[in-house]
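Hi everyone, thanks for making time. I'd like to walk you through how two chains meet in a structure I've been looking at, so let's put it up on the screen.

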Protein chains: 2
Amino acid sequence: MTAATVLHTMDRPTCEAFLGAEVVGRLAVLIEGEPHIVPVNYAADGATIVFRTAPGTVLTEASLRKVAFEVDGFDEHHQTGWSVCVRGMGQDITGCVDPESRRLQKLFVDCWAPGNRDRLFTVVPTAVTGRYLRRAERTAV
Amino acid sequence: MTAATVLHTMDRPTCEAFLGAEVVGRLAVLIEGEPHIVPVNYAADGATIVFRTAPGTVLTEASLRKVAFEVDGFDEHHQTGWSVCVRGMGQDITGCVDPESRRLQKLFVDCWAPGNRDRLFTVVPTAVTGRYLRRAERTAV
């Protein structure tokens, strides 16, 4: 018999640990009032997310005003998983010279997609939430 | 030397094949005008998505009016991946007796999370897009 699952809430340090361990996340943005989801390579500094975009993509300054950013992981065999979501404001920090922007500009974002992605954006978090789903007990074999 | 990556657009049948192969996706919804991302178990019928929700969650009828639903997969070693996004309207089809709703109600949605998720929603697609990122040539060892 398979044990029931239990849904737990993550504390902030645990959310940040998961954010720091991944390299691909998903951005939800609004385009003409409608949600879109776009996968992005990113780097995290705590819960602050940094990613690169190219001109001509849907990730423009307007669409990035209010964003949600998510990372997750699942175990299909055990039917368990986790997810962390950062909500906040997207800000173009390309060329910004304030100390915080300069610090974030030094984070390495390993972009897998081709093309010149010379705009650097950050998501300044207003809310950070995380949950994980685990089995209440071991599955009897 | 690692080969450059190339980004390809998927045709609709390929998008539907990927949608049909997964069991967890991510819903982007609007709550008070701000995007949120929530992972969900789902079933797909072509590009029509069916999932279950419980009362008291963020996935209410209001938040599901305009949604984006996404599935993806990544190969971190090769730095390649794919994603499919369905945009559309969320509709509560719990208890609906029209033939299309009755057909969709028969799809099995294997909910991993605990609790009674007795509301059945569908995303009726208005746009289906998919992309995959592959290496232009084999990596030289």
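Okay, so between chain A and chain B about 3,000 Å² of area is buried, and carbon and sulfur atoms give 65% of that. Which residues of chain A lose the most area to chain B? They are Pro35(A), Ile37(A) and Trp112(A), and together they make up 24% of what that side buries. Keep in mind that this is a predicted model.

If we count residues instead, 34 from chain A are in contact with 33 from chain B.

Now for the charged pairs. Across this interface the rule finds four salt bridges. One of them joins Arg26(A) to Glu70(B), where the closest N and O atoms are 3.6 Å apart. That is within the 4 Å limit, so the pair counts as a salt bridge. As for polar contacts, there are eight residue pairs between chain A and chain B.

Where on chain A does that touching side come from? Strands E1 (5-9), E2 (24-31), E3 (34-41), E6 (66-75) and E7 (80-92) of chain A each supply at least two residues. The largest share comes from E6(A), with eight residues. And if you sort the residues of that side by kind, you get 19 nonpolar, six polar and nine charged.

Let's hop over to chain B and pick out one residue, Thr80(B). You'll find Thr80(B) in strand E7 of chain B, which covers residues 80-92. Is Thr80(B) buried or exposed? Its relative accessible area is 14%, and the cut-off for buried is under 20%, so Thr80(B) is buried. Who are its contacts, leaving aside neighbours within four places in sequence? From its own chain, Thr80(B) touches Phe74(B), Asp75(B), Leu133(B), Arg134(B) and Arg135(B), and from across the interface it touches Trp112(A). We've met Trp112(A) already: it is among the residues of chain A that lose the most area to chain B.

Last bit: how do the two copies sit relative to each other? In general, two copies of a chain are related by a rotation about an axis and a shift along it. Here, a rotation of 180° with 0.0 Å of shift along the axis superposes chain A on chain B, with an RMSD of 0.0 Å. So the copies are related as by a two-fold rotation axis. In chain A, the C-alpha nearest that axis belongs to Ala28(A), 3.1 Å away from it. And 97% of the interface residues of chain A are interface residues in chain B too, so the copies meet through the same surface.

Notes. Residues numbered from 1 in each chain as written. Chains lettered and ligands numbered in written order. Predicted model: local features only at pLDDT ≥ 70, side-chain atom pairs only at ≥ 80, totals over all residues. Heavy atoms only, no water. Least-squares fit on C-alpha atoms with pLDDT ≥ 70 in both. Contact = heavy atoms within 4.5 Å. Helix = DSSP H or I, 4+ residues; strand = E, 2+ residues; numbered from the N terminus. Buried < 20%, exposed > 50% of the residue type's maximum accessible area, 1.4 Å probe, protein only. Buried area = accessible area lost by both parts, 1.4 Å probe. Salt bridge = Lys/Arg side-chain N within 4 Å of Asp/Glu carboxyl O. Polar contact = N/O pair within 3.5 Å; in protein donor to acceptor, adjacent residues only side chain to side chain. Nonpolar A, V, L, I, M, F, W, Y, C, P; charged D, E, K, R; others polar.
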